[in-house]
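Q: I'm new to this structure and would love a close look at just one part of it. Could you walk me through the open sheet and what surrounds it?

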Amino acid sequence: MKIQERTGAGAGRSASPAQPPVGDRLPSPPRERKPALAALAVLLILVGALGATMLVLRAGDRVEVVKVTADIQAGESVGNKVTSVMVAADDSINYIEWSQLGALKKLKAKSTIYTNTVVMGQMFAAQEQIPEGKASVGVALKEGQYPAGVKPGDIVAAYRVGSSSSSSSGDSADKDTSSSASGGAIVPDARVNGAADDGDSTVSTGNKSFTLLVDEADAAALASAAAAGEVAIVRVPGN
């Protein structure tokens, strides 16, 4: 009987204690949510999308403006030397819109405007702008007193021609005449600011009127010779 009791007691002691399941972990703390960061991310996405939309809409906002198709000299109007072109609208640029072409034709260029220039309001004024130290002189010439094809922007020299060129007297005008007769030009480098045919549109007389921009010191001699019909012009280097 005693042997059986010890055996039973030993059997009870030999049983291994219970072990926790292998897959168990310590509980992790709950994640902290940040709703402010999520809202900021959504806001940035919306702003980016709105900016892209505005750029697309802005690219499609275009206006029809005036562009020069041939050089326009100082003192000239645009005439028919213009065409229309579409550009992006920009309130900071003083474009002349195509719808304002009629008003633009009444204005004069302040300085030379070159081909393919998009016209802006500050390029024109109501009256011809003459640079300081210069004078604008008109000359009416007969056929043979000017080379063919002279146009605004050309550089020419003006000479005295006719009966007066071979005579001289004591006055200053004749002194200028004697000088020009010996080979000197009245004006060695005048710029043609304007050129127009004389007579009506149906009959060509061969006569032309030119507006020359010259140094102020040469204006009196040139005007005197022009009034006497004794001026001829020639093209010179510099064109």
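A: Happy to help; here is a walk through the sheet, its helix and one of its residues. Please keep in mind that this is a predicted model.

Let's begin with the layout. The open sheet is built from 5 strands, and reading across it gives the order E5-E8-E7-E6-E9, with antiparallel pairing. At the edges you will find strand E5 (134–141) and strand E9 (231–235); each has a single partner strand, so one side of each has no neighbour in the sheet. Going from one strand to the next, the twist averages 45°.

Now look at one pair inside this order. Strand E6 (residues 155–160) and strand E7 (residues 187–197) run antiparallel and are joined by 3 bridges. If you pick out alanine 158, its bridge partner in E7 is valine 187.

A helix also belongs in this picture. Helix H5 (residues 219–227) packs on the sheet, where it touches E5, E6, E7, strand E8 (208–215) and E9. The direction of H5 makes about 15° with that of E5.

Finally, let's zoom in on a single residue of strand E6, arginine 160. Is arginine 160 buried or exposed? Its relative accessible area is 9%, and buried means under 20%, so arginine 160 counts as buried. The side chain of arginine 160 also has a partner: a polar contact of 3.2 Å joins it to the side chain of glutamate 230.

Note on methods. Residues numbered from 1 in each chain as written. Predicted model: local features only at pLDDT ≥ 70, side-chain atom pairs only at ≥ 80, totals over all residues. Heavy atoms only, no water. Pairing = 2+ DSSP bridges. Helix = DSSP H or I, 4+ residues; strand = E, 2+ residues; numbered from the N terminus. Axes fitted to C-alpha atoms, helices over the stretch in contact; angles between N-to-C directions. Contact = heavy atoms within 4.5 Å. Buried < 20%, exposed > 50% of the residue type's maximum accessible area, 1.4 Å probe, protein only. Polar contact = N/O pair within 3.5 Å; in protein donor to acceptor, adjacent residues only side chain to side chain.
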